[in-house]
Amino acid sequence: MLDLDGTIVSGGTHVSERVRHSLVRAHERGVTLAVSSGRPYHMVPRSIRELGVMDYYVCTNGSVVNDRAGERIFSHGFDPASATRIMGMLEHLRPGWNVFVSDEGYAEVRNHTYMIGGATGAAGAAGAAGSDGAAGAGGGAGALRAVSSVARFALAIVAGPGFHERLSVRGVVRRADQVDKMGCSFASEWAADEACALLSAESSSEVVRMTPLELEITAAGVDKGTGASWLADRLGVSREATVGFGDGANDLPLVGAVGRFVAMGNADDEVKAVASEVCPTIDEDGVAQWLDAHVG
């Protein structure tokens, strides 16, 4: 199970030549490869799909599984009424919403304004913090790199395939047969804190805090781990025979669902803390290094 962003994909679309080669090599040696992503299928980068080695795509944090041709073979999401109710619960916090319907992504302009604005605001704070000396400058530079990657990712998604920007996504939700995943961004951390508390107090959804300003929401009991388990059961593969790679909060449910969970060197500390092992960073082609060492 391969997470995309921060694991094998950088800047929203780029996959290094070494990672490409290692994935192809592993597939040729009989390894079944599957994406495990918060993205819907049509927003999986062409650089991944055109490799021709991904056998399955566990998408939108486990709510949908697509086969290698992109056909849905499993889905479990929100009905429109439930999605609308959740939107109403948080309306006073002025979230910017994004929703995923029929393997397509729809986001409000406000959503990306918050994401990019939050990144650039943090960049300014990091620059100020780094102006007092060598230690501060080092921390500031690291923070600048982190927030600039958020901004680049947001812009790549805005311009990417399978994405549609709207002033409001409520009409999309009302017309949907199923909403696979919801997400929202906020103008402040306190608003995101309150949204987490409200959603956690009721039992109809799973909530992941992706960044201080951004939440991802799936139906109750649905996450990357349940998607991975469903796929393993379908293939008749034991849990012990599966491996997952990831770097972020939405990858944590993979820990109990796969036999070995490998955290990226650039992963969040909470992800590294529960991983079976840690491989080098994405900039060091960590997944490729692991595959080259473990796939004969």
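Reader: Which residues does Met-54 touch, leaving out those up to four places away in sequence?
Author: Met-54 touches Leu-2, Ile-8, Leu-23, Leu-33, Ala-34, Val-35, Ile-48 and Arg-68, where a contact means heavy atoms within 4.5 Å. Keep in mind that this is a predicted model, in which local features need pLDDT of at least 70 and side-chain atom pairs count only at pLDDT 80 or more, while totals for chains, interfaces and linings use all residues. Residues are numbered from 1 along each chain as its sequence is written, and side-chain values use heavy atoms, with hydrogens and water left out.

Reader: ok, and how many residues are in the largest nonpolar core?
Author: That core has 43 residues, and Met-54 is among those with the most contacts inside it, along with Met-1 and Tyr-57. A nonpolar core is a set of buried Ala, Val, Leu, Ile, Met, Phe, Trp, Tyr and Cys residues joined through side-chain atoms within 4.5 Å. Buried means under 20% relative accessible area, exposed over 50%, and partly exposed in between (1.4 Å probe, protein chains only).

Reader: which helices and strands feed it?
Author: Helices H1, H8 and H10 and strands E1, E2 and E12 each supply at least two residues. Helices (H or I, at least four residues) and strands (E, at least two) are DSSP runs numbered from the N terminus. A second, separate core of 27 residues includes Ala-176, Met-182, Ala-192 and Val-222.

Reader: cool. Which residues of H8 are buried?
Author: Lys-224, Gly-225, Gly-227, Ala-228, Leu-231 and Ala-232. They lie on the same side of H8, because they cover an arc of only 160 degrees around the axis, taken from the directions from the helix axis to the C-beta atoms. Among the elements covering them are E1, E2 and E3.

Reader: anything at the ends of H8?
Author: At its start, a side-chain oxygen of Asp-223 reaches to within 2.9 Å of the backbone nitrogen of Gly-225. Just after H8, Gly-236 has a positive phi of about 70 degrees.

Reader: switching to H7, which residues are buried there, and which are exposed on the other side?
Author: Ala-191, Ala-192, Ala-195, Cys-196 and Leu-199 are buried, whereas Trp-190 and Ser-200 on the other side are exposed. The buried ones are covered by elements including H3, E9 and E10.

Reader: last one: how much of the whole chain is buried?
Author: Buried residues make up 49% of the 296 residues. The protein chain has 10 helices and 13 strands.

Terms used:
Polar contact = N/O pair within 3.5 Å; in protein donor to acceptor, adjacent residues only side chain to side chain.
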